[in-house]
Amino acid sequence: METISHTSQAKPNYLNADYGLKSWLLTTDHKRIGILYLISISVFFVLGGFFAMLIRLELLTPAGDLVLADTYNKLFTMHGVVMIFLFLLPAIPSVFGNFLVPMMVGAKDLAFPKLNLASWYIFMIGAGFIMYSVITGGLDTGWTFYTPYSTTYSNSNVVAAALGVFITGFSSIFTGLNIIVTVHRMRAPGLTWRRLPLFIWAHYATSVIMVLGTPVLAVTIVLVALERLFHFGIFDARYGGDPLLFQHLFWFYSHPAVYIMILPAMGVISECIACFSRKRVFGYDFVAMSSIAIAVLGFLVWAHHMYVAGISTYAALIFSLLTFFVAIPSAVKVFNWTATLYKGSITFETPMLYVFAFIGLFTIGGLTGVFLAAVGIDLHVTDTYFVVAHFHYVMVGGTVTAFLAALHFWWPKMTGKMYPENFSKASALLVFIGFNLTFFPQFLLGYLGMPRRYHAYPAEFQVLNVLSTAGASILAVGFLMPMIYLAWSLQYGKDAGDNPWHAAGLEWKTSSPPPTFNFDETPTVTWEAYNYDEIDAPGGPTHNKGVEVAG
Amino acid sequence: MWEHLPLFPARASTMAGHVDALYFALVAIAAFFTFLVSALILFFAIRYRKARNPHATQIHGSTALELLWTGIPLGIVMMIFVWSAVIFFMQTRPPKGAMEVYLVGKQWMWKFQHTEGQREINELHVPAGRDVRMVMTSQDVIHSFYVPAFRIKADVLPGRYTSTWFHATTPGHYHLFCAEYCGTQHSGMIGEIVVMDPVEYDKWAASGVDGSLASAGEKSFQHYGCSMCHRADNAGRGPNLTSVFGHQVLLDDGRTITADESYIRESILNPGAKIVSGFKNIMPTFEGQLSEDEVIGLVAYIKALGNGTANLPLPVSEPNSGAYPVAPKPEGSAAKSDKTATTPEKNGAAKPAARQ
């Protein structure tokens with residue numbers, strides 16, 4: 001395949017198949033929709049990061065002296081809303097899931113291409129409502145919309161933002177549906193479930209959560225809006241409602257939602273670690289099943305966000321027990337990835353550096369989750385910076401790191417170009433250092449007792465906050481660099497060839513960038529996932545050279 | 001330690017040591033696994049780098065290893081669960097006989113009422129060496145009562161009472177934070193817990209007070225006309241409230257509940273929610289007419305009636321004559337007579353209780 005790399009740019013592909021804005025805005029090609037999502041979420045990532053930098057700058061000094069208290073409250077709220085609903089949730093499933101799932105299963109497109117395009121439009125409309133709320137007074141409820149603050153007391157534009165979150169939920173559901181049906185119905189001949197890449201297993205588990213969980217969020221958000229507008233008396237005690245009911249409903253979705261954010265990241269890690277250690281993923285079945293276990297158990301742990309909220313002692317203990325259980329499948333994954341390296345033949349390209357960063361940071365994020373599951377400790381550290389640090393170790397150290405691994409790993413496939421390796425390694429290092437400097441001090445701040453969402457704080461917390469802000473500026477540079485050199489590589493990058501990593505997986509068996517319908521001929525799969533022994537065998541792969549003709 | 005870079009919070013309650021011990025154990029476990037995974041990755045990355053190991057050896061997996069690294073973490077977290085559950089029971093079960101302080105949270109201040117009658121805002125004086133139970137409610141949004149030095153936190157909700165407790169050990173000044181985001185001045189909703197030597201505390205609590213919290217409640221009880229119906233001679237249209245608090249109450253739907261602060265609060269603000277067996281749903285609601293402070297006074301008063309430190313104001317016949325419906329005792333023999341004795345005479349004028 002490498003032999004045809006110099007001709008691949010001339011080949012018709014999904015990028016040069018058609019030109020003009022209309023050809024993008026009306027496309028039903030899953031790859032183009034993936035690119036639309038990539039551009040959209042990158043913009044929102046920059047916006048959310050901008051809010052984060054203002055937060056960190058405010059916290060440089062104990063006094064609330066940079067912005068007003070109300071402004072600060074809007075900043076952390078908008079940071080959370082934008083990063084979670086407009087970046088983290090769609091980041092991997094809607095960009096890489098969209099782009100890769102059909103190719104990985106050997107299909108021409110997702111099962112419902114028009115639904116897929118609709119999902120992007122719905123996402124953008126929802127994002128439009130959220131942006132409208134930012135411009136017209138902002139939102140100051142925290143991304144968690146806790147009642148009765150959100151329903152009765154907030155003076156900000158809650159209804160517009162809630163509507164925005166409600167609408168983006170449907171784009172999630174559409175993407176989830178599409179992935180589930182595609183994996184069930186459109187696998188290439190010979191591609192049995194146990195031959196699927198672990199990326200597919202992870203996305204399948206994610207999609208199940210999206211389809212089952214998101215409607216609950218939608219209902220909850222509608223109830224908040226109705227309560228705010230018409231005083232229905234569902235959540236506000238003054239009208240006979242129960243504020244804890246909101247928390248139950250909200251976390252019933254929003255806890256599984258963190259698995260929507262982390263499971264696809266785990267899929268990315270499995271693909272990259274196999275490729276750069278030239279090995280089958282250790283314990284394939286266990287890694288696949290742990291994704292399913294996380295999806296199922298993830299629905300049963302929501303009230304661990306509510307230990308101090310006024311639920312009964314026994315309810316808290318049961319949710320604590322279940323939360324400890326959900327830690328196990330994540331641990332199983334970490335151990336299997338580590339074992340995958342054993343007796344591998346390891347190289348250190350940028351995606352692999354991000355994989356190492358992911359495993360280290362996710363391990364810390366996961367283990368500090370055990371602290372929070374322990375209800376006796378949670379009583380002290382919940383709603384402090386300990387939670388903020390834990391959450392960012394999982395969501396930034398985990399999901400964003402994996403997102404960057406994916407972006408570098410599949411960039412040659414998406415664009416046909418290589419990114420500059422030295423710059424990307426430097427930025428990976430900056431991200432790792434900057435991240436730890438930003439968030440590790442927050443664990444200490446949390447145990448010291450600094451509450452989250454504080455505009456001003458007692459002076460003794462300043463040194464750790466200064467460290468955190470310093471780390472955030474390094475992190476910002478690390479995040480901005482890829483945006484520049486990846487854009488640069490579109491024009492000046494070396495041609496990547498079809499499979500620069502010699503990677504397994506059907507997406508690498510077609511040209512880069514792929515043609516509109518992915519494969520010239522439908523592949524027939526006769527091999528296990530991650531058949532690196534065959535790919536690396538002297539004389540090359542024996543039975544899966546190129547693509548075989550179906551039937 | 002270092003004044004500008006504290007790395008560990010002060011320990012000022014009996015709970016702090018328990019929480020810290022589990023915390024240190026978890027830090028040790030987390031550090032062990034983080035170093036284990038990092039060391040393995042580093043070792044494999046160096047030992048099996050392509051330059052040294054050009055050809056990978058394919059290994060499909062090992063069920064024995066999978067069981068090992070499922071079983072060991074599972075065993076560890078189950079031990080942590082049990083340990084943390086034991087601490088949690090200590091945290092959520094206040095010892096009997098704890099002194100009580102009432103708290104009303106509002107945007108953005110903490111209001112405290114001591115049973116001795118002292119009132120404070122954003123500052124709470126408590127004695128060292130005694131159990132203190134906080135009975136808390138909010139006037140508006142959810143707040144959270146958080147004292148890092150005591151390692152306790154509990155949300156303060158509108159529309160109900162929640163509680164937490166502590167046993168301060170070391171006199172000094174400690175942070176009180178609101179830990180649940182509550183709006184503009186959330187980070188300004190901070191205060192100070194002043195832990196005092198018990199003797200000094202008693203002096204402080206007795207100084208300049210013109211009556212206990214229960215006596216303030218007694219005044220409200222008369223002012224709002226409660227005493228018209230809740231009479232000590234069992235002749236009122238409402239139950240006699242002597243010896244109610246802390247006892248079992250039989251409801252007209254057959255359920256039995258324990259009269260606690262939340263029950264009393266609900267019965268004042270939403271009297272129809274739980275009707276005492278043998279009485280009619282005729283009490284008007286006081287929702288919106290009483291401040292949370294006044295409700296707390298009434299609760300403290302009814303609580304004092306329950307433990308015999310206060311009496312109902314109107315003609316005191318025989319206190320505690322069994323006129324209040326008492327839940328059937330397990331022995332059962334006395335149950336019938338208890339129940340039959342509970343139906344009070346419903347005579348008296350039909351005019352509603354005067355308020356104002």
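How many residues of chain B are in contact with chain A, and how many of chain A with chain B? Some notes on that and a few other spots follow, bearing in mind that this is a predicted model.

1. To take the opening question straight away: 72 residues of chain B meet 76 residues of chain A. On the chain B side, the elements that each put in at least two residues are helix 1 (14–47), helix 2 (63–92), strand 6 (143–147), strand 7 (152–156) and strand 9 (172–178). Helix 2 of chain B has the largest share of that side, with 16 residues. By character, the chain B side splits into 42 nonpolar, 22 polar and eight charged residues.

2. Chain B as a whole has 356 residues, and 38% of them count as buried. Its secondary structure adds up to eight helices and twelve strands. If you look at contacts in chain B with a separation of 6 or more, 69% of them are between residues 24 or more positions apart.

3. The domain assignment cuts chain B into domain 1 (7–46 + 63–210) and domain 2 (213–340). Note that domain 1 of chain B is written as two segments, 7–46 and 63–210. The centres of the two domains, taken over C-alpha atoms, sit 33 Å apart. Where they touch, domain 1 of chain B gives twelve residues and domain 2 of chain B gives nine.

4. Staying with the domain 1 side of that contact in chain B, strand 1 (99–106), strand 2 (109–114) and strand 5 (131–138) are the elements that give two or more residues. Strand 2 of chain B has the largest share there, at three residues. The make-up of this side is four nonpolar, six polar and two charged residues.

5. Over in chain A, have a look at helix 10 (residues 313–341) and helix 11 (residues 350–373), whose axes are 10 Å apart at an angle of about 165°. An angle over 145 degrees counts as roughly antiparallel, so that is the label for helix 10 and helix 11 of chain A. Their crossing is left-handed. On helix 10 of chain A the contact residues include A:Phe324, A:Ala327, A:Ala331, A:Val334 and A:Trp337, and on helix 11 of chain A they include A:Gly366, A:Gly369 and A:Val370. The contact has nine nonpolar and seven polar residues, with no charged ones.

6. Helix 10 of chain A also packs with helix 8 (residues 243–276) of chain A: here the axes come within 10 Å and cross at roughly 15°. With angles under 35 degrees counting as roughly parallel, helix 8 and helix 10 of chain A therefore run roughly parallel to each other. This crossing is left-handed. Helix 8 of chain A contributes A:Met266, A:Ile269, A:Ile273 and A:Ala274, while helix 10 of chain A contributes A:Lys333, A:Trp337 and A:Thr340. That works out as five nonpolar residues, one polar and one charged. A:Trp337 is worth clicking on, as it is listed in the contact with helix 11 of chain A and again in the one with helix 8 of chain A.

7. Two cis peptide bonds deserve a check. In chain A, one joins A:Ser512 and A:Pro513, with omega about -15°. A:Pro513 is in the loop between helix 15 (462–492) and helix 16 (532–536) of chain A. In chain B, the bond from B:Gln107 to B:Trp108 is cis, with omega near -10°. B:Trp108 belongs to the loop between strand 1 and strand 2 of chain B.

8. Then there are positive phi values outside glycine. A:Asn518 has a phi of about 70° and sits in the loop between helix 15 and helix 16 of chain A. It counts as buried because 24 C-beta neighbours lie inside 10 Å. B:Asn122 has phi near 60° and lies in the loop between strand 3 (119–121) and strand 4 (123–127) of chain B. B:Asn122 has 15 other C-beta atoms within 10 Å, so it is partly exposed.

9. Last stop, B:Gly238, in the loop between helix 5 (226–229) and strand 11 (248–250) of chain B. Buried or exposed? B:Gly238 counts as buried, because it has 20 C-beta neighbours inside 10 Å. Leaving out residues up to four places away in sequence, B:Gly238 touches B:Cys229, B:His230, B:Phe279 and B:Met283. From B:Gly238 to B:Ser227 is eleven residues in sequence and 9.3 Å in space, C-alpha to C-alpha.

Notes:
Residues numbered from 1 in each chain as written. Chains lettered and ligands numbered in written order. Predicted model: local features only at pLDDT ≥ 70, side-chain atom pairs only at ≥ 80, totals over all residues. Contact = placed C-beta atoms within 7 Å. Helix = DSSP H or I, 4+ residues; strand = E, 2+ residues; numbered from the N terminus. Nonpolar A, V, L, I, M, F, W, Y, C, P; charged D, E, K, R; others polar. Domains from an automatic or database assignment. Axes fitted to C-alpha atoms, helices over the stretch in contact; angles between N-to-C directions. Parallel < 35°, antiparallel > 145°, perpendicular 65-115°, else oblique. Left-handed = near helix turned anticlockwise from the far one by under 90°. Buried ≥ 20, exposed ≤ 12 C-beta atoms within 10 Å, placed from the backbone.
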